[in-house]
Structure formats: C-alpha cells, structure tokens
Amino acid sequence: MTPLKPLLYFSLFQYPLTEAEIFAFSEGTSKEKVKAELDDLVRDQIIFFIDGFYLCDNNPANIKRRISGNKMAENIHIKANKVSKFISKFPYIEGVGISGSLSKGYYDDEGDIDFFIITSPNRLWIARTLLILYKKLFLLNSKKYFCVNYFISSNSLEIDEKNRFTATELVTLMPMYGNGSFRDFYKQNTWVHRFLPNKTISEGLVNMNPVTKPLFSRLTEKALNNKLGEKLDAFFLKITYKKWKIKFNNMEERHFNIALKSTKNVSKHHPLNFQRKVIDRLNNKYDELKKKHNIYLAKEHA
C-alpha cells in the first residue's frame with residue numbers, strides 16, 4: 001500500500017497529512033491510484049480520514065496540533081529569515097538553509113530553528129567555530145533561534161547517508177541564502193528520487209536570496225586564504241573532534257561517525273542520533289502494521 005510509508009513516517013511526529021502531501025512523499029505512480037488506495041485503507045479502518053487529513057490514529061487532537069504548528073511556523077518565518085541572512089554574513093559561508101520541523105511548515109514553543117550550512121572548501125571548521133563562538137558569547141549558548149548543527153563543504157556536497165530520513169530532510173530543506181552552492185547540492189543528491197520520486201528537490205531555489213559579505217568577512221577571508229587558514233581549519237577540526245570523543249565516549253563508534261560526523265568536509269552535531277531513532281521507530285511501526293493487519297512494508301535502513 002503506497003500511502004502507508006509517508007503516513008507512518010509523519011505519524012512519528014504526530015503530523016497528519018493531506019492527500020496531496022501523501023502523494024508527494026510516496027512512491028505512487030499516479031494520484032488516482034494513491035487516492036484509491038487511501039479509500040481502501042480508510043474503509044478497512046487501517047487509517048482514518050478527518051477534516052481533510054489522513055491519520056494512522058483516530059485522534060483529531062493531532063489535526064489541531066498540526067494547524068496550530070503551521071500557523072506558528074508562518075509567524076516565525078520572518079525571524080528565521082533574519083537569522084539566515086545574519087549567518088550568511090559570516091566568513092566562508094556560501095549557503096544557508098532551514099531544516100528540521102520548520103522546513104516542513106511546523107513550529108511550536110518547544111522547537112528551535114535548525115540551519116543547514118554550506119561553507120567554502122577547506123574552511124568549514126573556521127566558519128563553524130566563528131558561529132559557535134558567537135552563539136556562546138552573545139546568545140549565552142542558546143540554540144532556540146540559532147541551531148547550527150549541520151555544516152557541509154561546497155566541494156563535497158553529496159550526502160553519505162542515503163535513507164528515507166535524509167531524503168525527507170533534503171527535499172523539505174528551505175534554501176534561504178546562497179550564490180550557487182545549493183544548485184550544486186541538489187545536482188549531487190538526485191539519489192533522493194529513489195525514495196521520493198514525486199518531490200521536486202530544487203523548488204526552494206526560486207525564493208533564495210544572494211549572499212553578500214560585509215567588510216569584516218571579506219577581510220577575514222583575505223587574511224586566511226593561505227597556509228595559516230588551512231592550519232587553523234585543521235586545528236579547529238582536531239580540537240572539536242577530541243572534545244566530542246571525550247564528551248560522548250559512551251556512544252558506539254558506528255553511531256558516533258554518523259551523529260557526530262567530524263571530517264574535513266562535514267560537521268554534524270546530533271548527539272541524540274535522531275536519524276537512527278526515527279528509522280528504528282519507523283521500522284517498529286512497520287512491524288506493528290504487519291502484526292495487526294498482515295501488511296508487509298520493506299524495512300528502512302539508517
């Protein structure tokens with residue numbers, strides 16, 4: 001049943017979907033076929049249809065929650081755009097996008113604004129360190145509106161972890177500021193169509209703003225476009241990696257290398273390993289579906 005994978009995925013976040021959204025996040029070959037499958041699932045009470053939304057659980061409260069979160073997302077978007085613009089002003093930042101729940105049109109009082117950042121080659125760790133220092137010194141380490149937890153270099157834009165979670169994050173990413181790096185990013189990640197063939201991954205480029213650098217950033221880049229900059233970048237990578245290995249010493253190596261990836265071209269700071277947790281919970285949903293309704297869905301991998 002084609003609609004079940006998107007419905008089960010978004011049910012993890014208590015987020016009901018419309019018919020159009022289900023098709024967009026499914027592998028369905030036609031909207032008519034997906035609609036027919038939805039009708040069958042509702043008839044058999046495997047899923048529920050309430051007020052224009054499809055749900056895995058017969059819980060109208062989730063619809064109210066979604067509508068409220070959608071409105072809050074609209075209200076916070078102005079703030080998110082201002083912060084995106086501010087981040088883009090830092091040295092070696094080539095692109096800034098919004099990820100996480102806000103990129104999917106949802107925000108609540110417990111949420112934060114997650115940013116996906118593309119940096120210049122061989123200067124990722126300088127760019128990251130400057131942003132983290134700003135957060136610690138001027139925002140008292142608050143990540144509420146400044147969650148800079150994913151950096152990638154513009155010379156290595158292909159995402160290594162290819163699964164339903166990363167595909168969903170990529171197609172919902174909202175590019176806010178950039179001068180070409182996001183176009184290259186989408187070109188190098190067309191693998192997402194294996195998971196989500198009905199989503200246009202570059203539609204966010206239409207409203208993207210150009211990056212313009214202030215004098216401070218231009219001077220900083222000019223001063224560090226040399227051997228000193230290369231050594232400084234390598235130094236920041238080394239001390240950050242060492243710090244995280246000590247702080248998260250209980251995490252298995254294979255999980256650490258994904259959740260806290262620290263390479264020359266990538267920096268991820270996801271200590272809760274949300275990606276793995278989502279995939280595990282989704283696979284549990286698949287097991288429950290098979291047990292309860294004898295419907296088999298192929299398992300996802302992290």
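Start with the open sheet of 5 strands, whose order is 6-3-4-5-7 with mixed pairing. Strands (E, at least two residues) and helices (H or I, at least four) are DSSP runs numbered from the N terminus, and two strands pair if DSSP finds at least two bridges between them. Select strand 6 (174-178) and strand 7 (266-268): these are the edges, each with a single partner strand, so one side of each has no neighbour in the sheet. On average, neighbouring strands here are turned by 25° against each other, direction ignored.

This is a predicted model, in which local features need pLDDT of at least 70, side-chain atom pairs count only at pLDDT 80 or more, and totals for chains, interfaces and linings use all residues. Residues are numbered from 1 along each chain as its sequence is written, and side-chain values use heavy atoms, with hydrogens and water left out.

**Strand 4 and its partners**

Select residues 93-99 and 114-119, which are strand 3 and strand 4; they pair in the antiparallel sense over 6 bridges. Val96 stands opposite Ile117, and Ser99 stands opposite Asp114. Now add strand 5, which pairs with strand 4 in the parallel sense over 6 bridges. Phe116 has Tyr150 of strand 5 as its bridge partner.

Stay on strand 4 and show its side chains. In a regular strand the side chains alternate between the two faces of the sheet. Asp114, Phe116 and Ile118 point one way, while Phe115, Ile117 and Thr119 point the other way. Of the 6 residues of strand 4, 6 are buried, where buried means under 20% relative accessible area, exposed over 50%, and partly exposed in between (1.4 Å probe, protein chains only).

**Helix 5 and helix 9**

Next, select helix 9 (residues 227-247) together with helix 5; their axes come within 7 Å and cross at roughly 65°. Axes are lines fitted to C-alpha atoms, for helices over the stretch in contact, and angles run from 0 to 180 degrees between N-to-C directions. On the helix 5 side, the contact (heavy atoms within 4.5 Å) includes Leu124, Trp125 and Arg128. On the helix 9 side, Leu232, Phe236 and Trp244 are among the residues.

**The nonpolar cores**

Which two residues touch the most other members of the largest nonpolar core? Select Leu4 and Phe185, which do so in this core of 49 residues. A nonpolar core is a set of buried Ala, Val, Leu, Ile, Met, Phe, Trp, Tyr and Cys residues joined through side-chain atoms within 4.5 Å. Among the elements that give two or more residues to this core are helix 1 (4-11), strand 4 and helix 11 (274-293). Zoom in on Phe185: leaving out residues up to four places away in sequence, Phe185 touches Phe116, Ile118, Leu157, Ile159, Leu170 and Leu173. A second, separate core has 34 residues, including Ile98, Trp125, Leu131 and Phe151.

**Ile76**

Finish in helix 4 (residues 61-88), where Ile76 lies. Is Ile76 buried or exposed? Ile76 counts as buried because its relative accessibility is 13%. Not counting residues up to four places away in sequence, Ile76 touches Leu102, Tyr107, Ile113 and Tyr145. Then select Phe248: Ile76 and Phe248 are 172 residues apart in sequence and 32 Å apart in space, C-alpha to C-alpha.
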